[in-house]
Each structure stands twice: as C-alpha cells, then as structure tokens.
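Q: Could you take a close look at one part of this protein for me? I'd like to hear how it sits among its neighbours, and then how the rest of the model fits around that picture.

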Amino acid sequence: MNALPTALALSDQSVGSLAPPDLRPDLTGLTPAALAALMPTEGQPSLVRGKALWRWLRTVSALPTALPATLPEAGKDALATLASKVRLPDVTITDRIASRDGTLKWRLSCRGLPVETVLIPTPTRATVCVSSQSGCTRYCDFCATATMGFLGALTAGEIVAQVLIARQASPVPVTNVVFMGMGEPLDNLDAVLTAIDVLEHGLNLSPRHVTVSTSGVLPKLERLWSESRAAVALSLHATTQPLRDRLMPRVRRWSLDDLVAFMRQASAAEPSSKSGGRHFFIEYTLIDGVNDHDADADRLVALLDGVRARVNLIPYNPSTVTTYRRPAPERVRAFQRRILDQGLICLVRETRGDDTAAACGQLATRPDVVSSMA
Ligand code: SAH
C-alpha cells in the first residue's frame, strides 16, 4: 500500500527537472513494413512508402537529422505523419580514426553513451563490426571493453545507424556485419534481433551475412538460434571449466558442458550444409601461456565432437589495461595445425586495426588505450 505514494512523491520531485523521455522508435530501427504501418494510406499501410524511405536512407551521405519533406512515393502529409511518430537516432560521430591497414574506427555518442564501430575493408568488400551495448555486461578478464563497465543498452536504430555511418564512408560495398564490437549482444537480444531484421529488409543484407558473437548466455543463445538465421559465434577461449571461470567469470553459470550439449543437439537438428544447414563459429582467443598449449588444442577438438563447428583463432590483441600477451606466430601456427590435423576447420583471424585499438577486445573508448597502441 505504501508503494504508490512513494512512487508518486519521487516522480513529483522530478517534474520540471527532467524532460519526459522520448519513447518514439528510432527511424533506423524500423523495417520498411513497420515504417509503412506508421503512414497508412486510407487505413492501408503501403509497403512502397516504407521501401522508399529505406531507399532514401541508403543514399544519404550522412546520418539524417530530419526526414525528407517529400519523396516521389510518399507525399508531404504521409511524411509529416511519420515525423510525428518516429525520432531520428541520437547518434553523433565524436571521432574517426584511420588505421594503417585501412580499418576505420568511429567513436560515437549514442544518447550521450560512448560507443565504437569499426569498418574492416578488403579490396572488394567490407565488414562492419558493431556494438550492441555501451561498455559490456560481461567483464571478461582479458577484454579492454570490460574496463568501461556497463553504461547502457543500444536501441535497434542505434545499431543500424552504426552500419549506415560505416557504409557511407566505405570505399567498397558493405556485405557483412558482425556483432563483435562492444557489448554482449545476447544481453540486448530484442534490439539485436530487430536490427538484424532491419539490416535484411532495409539494407538488403542477408542474415546469413550477419554474425552474432556471444560469451555464452545459454538461454538467449537458444532463442537466437531458433528465431534468427544469423550466423552464431560462441566465444569459448578455454577448454576446462576452471580456466573459463577465471577468464570469463560473469558467464560461469552456463557451463562449458551445457553450452557444448546445446551446440551438439542444435547441430544434429540442422540439415546438411548443402541444404543450407548452419554451423557454429567457435572463437578462441589465443593467450600466451594461458590457453595455447597442445593439450588445449586436443581438448578443444574433443569438446567439439558432434558439433558442426568452425574454429576461429584470434591471437590475443594486447592493450594497456591488461597484462596478457599474444603467443609467438609459430605457436599460433602450431596450435592451428594441431586442430586441422584432427579434422576440424580452423582459421586464424587476421589482426586488423590493432595500431588504433580497433581490433577485437581493444574497444574501450579510453584515449590512453588508443594512444599507447598507435
Ligand atoms: N561479448 C561478445 C561480443 C564480443 S566479440 C562475445 O564475448 O563474444 C569480441 C571477441 O573478441 C570475443 O570473442 C572476445 O572474447 C574476443 N576478445 C576480447 N578481448 C580480446 C583481445 N584482447 N584479443 C583478442 N580477442 C579478444
């Protein structure tokens, strides 16, 4: 009985000191169909208008700060109705840092929250690495992002806005998106699933070209696998429970055994690769003297028995806020060879952008982390 008066008293105090939150959805977090539903023609949503808005969003050279006054397919009235129902994403570029290898990193402010996005181009196509949170909820011991703490979850529109910004600067077509920037995507799964939908229908990026990487939030992993066709990457990094608990203390409630049991059962239920069946990408960050022994490689192969898996080795990217080291190149190659020889697909991920702290695990929005790496 006391709860209501207390709540009222609190909200009374804030009257006048805080603007009411703007609860309208971000324009960039809405699919063409969702946009169409917000500007019906005589009661009937017209997909043509929603598609026209996305065509416009694909061609603008910067994140728009206002809707166009009119489009050939959508007149003034429809756009004015839409303008009252959506907001433009509150995303601004605070810095843009070019790496020697062509990788570009943006520091963004999303509603005041610091976020980083990375464009990784090859000569013919590019991948955008997006953040799903400002900071991260999962504090892995070896990851620089963990030093920021968790500052907030991003909206679907803010995630898609990162792809738009990177696309606008990319010298080659953006064909892939990876959720491997700041944050644990599965702790913001609704926004991530909506963003994947918008990337597909607004930016014509197939979910199969989108990869969601997770530290292993098992119940959400099951949901991601069943509700989306996106590629799934599991950050494993350890083959024994004690080591994983040390490296990734905030996901210890989902054991290695349970994670692997899920992947085994999901693998068995998938059709063959030829018929479009998926596999799991296993991310394994190689840390000198910690998880890079021959015995780790052997345990990794044994653990993944029955899982349709492709292993990606990530040689550790050092930063000023951690003391872990990258193994020598010969050790990385020997570890890879040992896995390949036992019949598993295993690639070493090329390090990109590490001179600007844009590589995996280096995104921390701390000037000291960047300058010391440059
Ligand atoms: N939170 C998600 C998304 C991060 S993706 C996840 O854990 O999967 C970034 C990948 O880089 C993860 O596999 C992460 O564990 C790994 N990583 C973190 N710090 C790293 C570092 N310093 N060097 C190499 N890889 C790192």
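A: A quick word on terms: contact here means heavy atoms within 4.5 Å. Keep in mind too that this is a predicted model.

Let's zoom in on Asn291, which sits in the loop between β10 (280-286) and α10 (294-303). Leaving aside residues up to four places away in sequence, Asn291 touches His237, Leu243, Tyr284, Thr285, Leu286, Asp296 and Phe335. One of these partners, His237, also has a polar link to Asn291: a polar atom of the Asn291 side chain lies 2.8 Å from the backbone oxygen of His237. Asn291 counts as buried because its relative accessibility is 0%.

Now let's step back to the domains. The domain assignment gives domain 1 (26-83) and domain 2 (91-356), with their C-alpha centres 33 Å apart. Where they meet, 13 residues of domain 1 are in contact with 18 residues of domain 2. The two domains bury about 1,200 Å² between them, and 63% of that is on carbon and sulfur atoms. As for polar pairing across this interface, there are five residue pairs in polar contact, but zero salt bridges. On the domain 1 side, helix α3 (residues 47-59) gives the most to the surface touching domain 2, with three residues.

How far can you trust all this? The mean pLDDT is 91, and 92% of residues reach 70 or more. Residues 1-15 stay under 50, with zero contacts beyond four places in sequence. Residues 367-374 are also below 50, yet that stretch has 19 contacts in the model beyond near neighbours in sequence.

Notes:
Residues numbered from 1 in each chain as written. Predicted model: local features only at pLDDT ≥ 70, side-chain atom pairs only at ≥ 80, totals over all residues. Heavy atoms only, no water. pLDDT = per-residue confidence, 0-100. Helix = DSSP H or I, 4+ residues; strand = E, 2+ residues; numbered from the N terminus. Buried < 20%, exposed > 50% of the residue type's maximum accessible area, 1.4 Å probe, protein only. Polar contact = N/O pair within 3.5 Å; in protein donor to acceptor, adjacent residues only side chain to side chain. Domains from an automatic or database assignment. Buried area = accessible area lost by both parts, 1.4 Å probe. Salt bridge = Lys/Arg side-chain N within 4 Å of Asp/Glu carboxyl O.
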